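Work through the following exercises with the sequence and the model side by side, and try each task before reading its solution.

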Amino acid sequence: MRPGNNALFIPGPTNLPPALRFAMDLPLEDQRAPDFPEFTLGLFRDLKQVFKMADGQVFLFPGSGTGGWEAAITNTLSPGDKVLASRFGQFSHLWIDLCQRQGFDVIDVDVEWGEGVPLEIYAEHLMADKAHEIKAVLVCHNETATGVTSDVAAVRRVLDDVGHPALLYVDGVSSIASIDFRMDEWGVDLAVSGSQKGFMLPAGLGILCVSPKALEAHKQATSRRCYFDFADHIKTNADGFFPYTPAMHMLRGLRVSVDMLLEEGLENVFARHHRMAEGVRRAVDAWGLRLCAKEPKWHSDTVSAIMVPEGFDGNEVAKLAYLRYGLSLGVGLSKVQGKLFRIGHLGDLNELMLMSALAGAEMAMRDIGIPVEAGSGVAAAEEHYRQTAAPVVLEGAQLSAG
Ligand SMILES: Cc1ncc(COP(=O)(O)O)c(C=O)c1O
């Protein structure tokens with residue numbers, strides 16, 4: 001055992017705030033108690049605020065983001081339906097793989113890892129699809145493997161410009177509740193998230209938001225489904241219950257998570273994530289390294305994937321950081337294995353916590369011989385955080401960064 005806290009800076013699971021841990025430190029309870037709906041109906045209602053959705057329905061499945069992907073597609077598509085998707089990292093790849101294994105006909109557009117959803121190519125496919133055979137357009141909002149955020153609103157514009165009626169599906173597992181997401185305004189039909197990232201909880205819930213249009217599509221969709229069938233949830237959720245034993249402790253935690261997010265204010269949560277991420281990006285510049293994300297427009301405010309120089313192994317950085325300093329960094333996955341390491345900067349986080357991760361990453365990089373200057377990344381981040389810190393009033397005098 002190492003004294004002190006281990007530092008968890010993978011891009012999910014994220015830090016579990018004490019308030020959420022305490023919220024789940026409860027005796028087990030009766031999921032059919034007559035007063036249970038008072039709790040669940042309020043939770044469904046308030047979760048919609050996090051997704052910025054007025055109508056439509058929230059679904060809470062015991063599971064994780066992967067279960068959410070499966071629920072989204074099997075509830076709204078029929079076997080053989082055409083799906084338009086792009087692959088630019090491990091998670092966009094896995095969603096495509098899941099669609100293929102479920103028997104859908106996927107037009108999978110391969111994109112260089114480090115870029116995001118290719119708007120022009122999506123437009124070409126949608127324009128050419130005069131018969132409207134494409135039923136689903138998939139967007140991985142934040143590709144966690146490469147630290148790339150895509151422009152969901154722009155995909156909606158492409159659909160509208162072409163006049164294509166396909167449903168818009170968004171993987172928001174590592175974006176929702178951390179960076180800007182607008183279900184209604186962006187015309188998203190199915191948004192998938194999980195409990196262990198922006199919601200700051202352990203893994204255990206697949207969280208879905210479904211638009212009225214997608215709820216209509218559900219009625220016609222003939223894909224086989226059982227555990228994840230919306231219909232069973234629609235029937236029981238209406239009265240505040242579930243079709244099977246819900247993950248009660250997770251729901252209690254989620255209640256407090258939603259309260260925390262709404263109390264801080266979603267726009268403040270997004271601004272905080274941007275500020276944290278910007279400090280990390282300054283550190284990467286100061287180290288003389290570059291991000292996997294090829295252009296600033298793709299920069300993710302929840303995870304930075306940092307390329308290591310030729311001849312070095314990013315997974316070695318993560319391994320050493322963990323074994324020597326008790327710091328968990330994300331490793332490179334699949335195609336980018338060894339080429340990078342990742343710093344997750346989402347959830348319950350502040351600048352001093354993040355600076356410990358930057359210091360640890362810097363130490364581990366130096367330990368394996370990557371030529372970064374001692375303290376350079378930390379100094380750059382420190383300067384950014386000082387310059388952008390909220391002013392503090394102390395004994396009548398306004399103090400800001402000098
Ligand atoms: C963007 C994205 N989508 C989907 C998933 C899969 O979610 P889960 O591991 O909760 O099943 C992840 C997991 O990290 C992810 O980052």
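**Exercise 1. Find the polar contacts of the ligand, then describe its surroundings.**

Start with D171, which places a polar side-chain atom 2.6 Å from a nitrogen atom of the ligand; a polar contact is a pair of N or O atoms within 3.5 Å. The model is a predicted one, in which local features need pLDDT of at least 70 and side-chain atom pairs count only at pLDDT 80 or more, whereas totals for chains, interfaces and linings use all residues. Residues are numbered from 1 along each chain as its sequence is written, and side-chain values use heavy atoms, with hydrogens and water left out.

Next, turn to the oxygen atoms of the ligand: a polar side-chain atom of Q196 lies 2.7 Å from one oxygen atom, and a backbone N or O atom of G65 lies 2.9 Å from an oxygen atom of the ligand. Taken alone the ligand exposes 380 Å², of which the protein buries 87%, the areas coming from the Shrake-Rupley method with a 1.4 Å probe.

Then list the shell, meaning residues with a heavy atom within 4 Å of the ligand: S64, G65, T66, W69, F91, N142, T144, D171, V173, S174, Q196 and K197. Helix α3 (residues 65-76) gives the largest share of this shell, three residues; helices here are DSSP runs of H or I with at least four residues, strands are runs of E with at least two, and both are numbered from the N terminus.

Finally, sort the shell by class, which yields three nonpolar, seven polar and two charged residues. In this scheme Ala, Val, Leu, Ile, Met, Phe, Trp, Tyr, Cys and Pro are nonpolar, Asp, Glu, Lys and Arg are charged, and the others, Gly among them, are polar.

**Exercise 2. Describe the two largest pockets and the largest cavity.**

Begin with the terms, which apply to a 1 Å grid over the protein atoms alone: a cavity is a set of points where a 1.4 Å probe fits but cannot get out, a pocket is an open set with protein on both sides within 12 Å along at least five of seven lines, and lining residues have an atom within 4 Å of a point. Grid points are joined across faces, edges and corners, and the volume is the space filled by probe spheres set on the points.

The largest pocket holds about 320 Å³ of space, and among its 17 lining residues H141, T149, S150, D151 and K297 lie nearest its centre. Helices α6 (152-162) and α10 (266-287) are the elements that give two or more residues to this lining, which comprises eight nonpolar, four polar and five charged residues.

The second largest pocket holds about 250 Å³, and β1 contributes the largest share of its lining, three residues. Its lining divides into five nonpolar, five polar and one charged residues.

For the cavities, the count is four of 30 Å³ or more. The largest cavity holds about 50 Å³ and is lined by A85, S86, S92, W95, I96, L138, V139 and C140, six of them nonpolar, two polar and none charged.

**Exercise 3. Which parts of the chain does the salt bridge between E29 and R252 tie together?**

Note that the closest N and O atoms of E29 and R252 are 2.8 Å apart, where a salt bridge requires a side-chain nitrogen of Lys or Arg within 4 Å of a carboxyl oxygen of Asp or Glu. E29 lies in the loop between α1 (18-23) and α2 (36-51), and R252 in helix α9 (residues 248-264), so the pair joins parts that are 223 residues apart in sequence. The structure holds 24 salt bridges.

Key. A polar contact is a pair of N or O atoms within 3.5 Å; within protein, one must be able to donate a hydrogen and the other to accept it, and residues adjacent in sequence count only if both atoms are side-chain atoms.
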